[in-house]
Amino acid sequence: MANVRLEMDAADAILLKRHLDDNGEAQRFFTHEVRRVADPYVPMQTGMMKNSAIETANTITYPQPYSKRQYYGNGSDGSENLRGRLWIPRMWSDRGKEIVQSVADYVGGRAE
């Protein structure tokens with residue numbers, strides 16, 4: 001019987017190496033990808049709402065006073081074009097796998 005010795009980094013070190021620490025680079029990358037890919041789905045008349053979005057590590061906020069009404073309102077559901085209400089879930093339905101793959105590439109993993 002042969003003895004095998006396995007040496008591994010601590011879990012925290014592995015996560016840090018892959019940029020997967022809390023609110024770390026991978027989380028910021030994911031949030032930015034969601035905003036970037038969702039941009040064509042955001043309702044736009046003048047561009048003020050979509051261009052004023054504020055990104056943090058794990059949130060995207062549209063600060064205009066009418067943003068909530070645009071997001072949940074009775075406006076277009078995107079059936080005529082991409083822009084319309086509930087833009088994040090609709091974008092995720094259309095292109096979520098693409099975002100998962102880009103994050104996997106970023107951290108050196110696989111999307112499965």
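Tutor: Buried means under 20% relative accessible area, exposed means over 50%, and partly exposed covers what lies in between. Please keep in mind throughout that this is a predicted model.

Student: Why is glutamate 33 called buried?

Tutor: Glutamate 33 has a relative accessible area of 9%, and because buried means under 20%, glutamate 33 counts as buried.

Student: What makes glutamate 33 and arginine 36 a salt bridge?

Tutor: The side chains of these two residues meet with N to O at 2.9 Å, and since a salt bridge requires a side-chain nitrogen of Lys or Arg within 4 Å of a carboxyl oxygen of Asp or Glu, the pair of glutamate 33 and arginine 36 qualifies. Both residues belong to helix H2, where they stand three residues apart, about one turn of the helix.

Student: Why is arginine 36 described as partly exposed?

Tutor: Its relative accessible area is 42%, and because partly exposed lies between the limits of 20% and 50%, arginine 36 is placed in that class.

Student: How do you know that arginine 35 forms a salt bridge with glutamate 55?

Tutor: The closest N and O atoms of arginine 35 and glutamate 55 are 3.4 Å apart, and as the cut-off is within 4 Å, the pair is counted as a salt bridge. This pair links distant parts of the chain, with arginine 35 in helix H2 and glutamate 55 in strand S1 (residues 54–55), 20 residues apart. Arginine 35 has a relative accessible area of 23% and glutamate 55 one of 28%, so each falls between 20% and 50% and is partly exposed.

Student: How many salt bridges does the rule give?

Tutor: The count comes to five, and one of them joins glutamate 7 to arginine 5, whose closest N and O atoms are 3.1 Å apart; both of these residues are exposed.

Student: What makes helix H5 fall short of the span of a straight helix?

Tutor: Helix H5 (residues 87–107) has 21 residues, and a straight helix would reach 30 Å at 1.5 Å a residue, whereas the end C-alpha atoms of H5 are only 26 Å apart. H5 also has a kink of about 75°, centred on arginine 95.

Student: Which helices do the buried residues of H5 pack against?

Tutor: They pack against helix H2 (25–38), helix H3 (48–51) and helix H4 (67–72), and the buried residues of H5 include Trp87, Met91, Ile99 and Val107.

Notes:
Residues numbered from 1 in each chain as written. Predicted model: local features only at pLDDT ≥ 70, side-chain atom pairs only at ≥ 80, totals over all residues. Heavy atoms only, no water. Helix = DSSP H or I, 4+ residues; strand = E, 2+ residues; numbered from the N terminus. Expected span 1.5 Å × (residues − 1). Bend = angle between axes of the 7 residues up to and from the residue. Buried < 20%, exposed > 50% of the residue type's maximum accessible area, 1.4 Å probe, protein only. Contact = heavy atoms within 4.5 Å.
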